[in-house]
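User: Please take a close look at the salt bridges in this model. Trace the partners one pair at a time, then set them against the rest of the fold.

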Amino acid sequence: MAQRFSAEFRTNWAQTRVFDYLADFRNLPEWHPAVRAAELTTIDPFVRNARHLVKASIAGRRIEAEIITAELERPTLLIATAENAAAATTDRFDVEQLPGGEVSVTYRTELRLKAPLRVIGPLMVPALTSAWGDAVAALEREFADAWTPV
């Protein structure tokens with residue numbers, strides 16, 4: 001069973017600035033509270049198949065995963081995947097230029113737990129939703145100079 005979360009926000013940052021910030025996963029420790037470190041392991045973060053090694057701490061467990069940029073259409077679409085022995089995730093960012101200068105960002109994430117964690121998946125929903133909400137709140141702080149919640 002997959003766990004899903006989505007959020008939308010608006011900012012006055014330039015569309016390419018927003019996209020580039022999100023696409024360079026070395027920025028993850030600045031806005032995702034579970035991520036402790038993120039290292040680019042390929043040459044360019046702004047291409048399809050760019051790879052980042054991420055170290056995180058979730059529920060007291062240290063986790064490593066490789067994030068792979070699966071799709072990248074600068075400056076509008078970013079899809080990244082990550083997988084380790086316990087779970088697989090897909091994150092999608094749609095970055096849309098709106099009339100009047102604002103930029104809308106829609107963030108969607110899906111987590112698929114692997115056995116044996118799949119059994120406890122439904123029990124994890126509140127914690128996962130809280131963690132994803134904390135990540136969005138941190139993005140809000142990052143884009144604070146021009147942030148408008150939707």
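Analyst: Eight salt bridges occur in this structure, which is a predicted model. Side chains of opposite charge can pair when their charged atoms come close.

Start with E110 and R4. Their side chains form a salt bridge, with N to O at 2.9 Å. The partners belong to distant parts of the chain. E110 sits in strand β7, residues 103–113, and R4 in strand β1, residues 2–11. They are 106 residues apart. How exposed is each partner, E110 and R4? E110 has a relative accessible area of 22% and is partly exposed. Buried would require a value under 20%. R4 reaches 60% and is exposed, because the exposed class begins over 50%.

This pair is also part of a network. R4, E110 and R112 are joined through salt bridges that share partners.

Next comes R51 with E66. This salt bridge has an N to O distance of 3.0 Å. It again links distant parts of the chain, 15 residues apart. R51 lies in strand β3, residues 51–58. E66 lies in strand β4, residues 61–73. R51 is partly exposed, at 29% relative accessible area. E66 is partly exposed too, at 32% relative accessibility.

The third pair to examine is D94 and R108. Their closest N and O atoms are 2.9 Å apart, and the two form a salt bridge. D94 is in strand β6, residues 87–97, and R108 is in strand β7. The separation is 14 residues, and this pair too links distant parts of the chain. R108 is partly exposed, with a relative accessible area of 39%.

Strand β7 therefore supplies a partner to two of these links, with E110 and R108 both placed in strand β7 as a DSSP run.

Strand β7 also takes part in an aromatic contact. The structure holds five aromatic pairs. One of them joins W31 and Y107 edge-to-face. The ring centres are 6.3 Å apart and the planes meet at 90°. W31 is in helix α2, residues 28–31, and Y107 is in strand β7, so this pair ties together parts 76 residues apart in sequence. Are these two residues buried or exposed? Both W31 and Y107 are buried. They belong to one aromatic cluster with F5 and F93.

A charge also meets a ring elsewhere in the chain. R17 lies over the face of W13, at 3.6 Å from the ring centre.

Now the fold as a whole. The chain has three helices and eight strands. In sequence order the pattern is β-α-α-β-β-β-β-β-β-α-β. Of the 150 residues, 44% count as buried. The accessible surface of the chain is about 8000 Å², and carbon and sulfur atoms account for 53% of that area. Consider contacts between residues at least 6 apart in sequence. Of these, 48% join residues at least 24 apart. The E110 and R4 salt bridge spans 106 residues, and the W31 and Y107 aromatic pair spans 76.

Methods
Residues numbered from 1 in each chain as written. Predicted model: local features only at pLDDT ≥ 70, side-chain atom pairs only at ≥ 80, totals over all residues. Heavy atoms only, no water. Salt bridge = Lys/Arg side-chain N within 4 Å of Asp/Glu carboxyl O. Helix = DSSP H or I, 4+ residues; strand = E, 2+ residues; numbered from the N terminus. Buried < 20%, exposed > 50% of the residue type's maximum accessible area, 1.4 Å probe, protein only. Phe/Tyr/Trp six-rings, centres within 6.5 Å; stacked < 30°, edge-to-face > 60°. Lys NZ or Arg CZ within 6 Å of the ring centre and 35° of its normal. Contact = heavy atoms within 4.5 Å. Areas by Shrake-Rupley, 256 points an atom, 1.4 Å probe, with all protein chains shown as cover.
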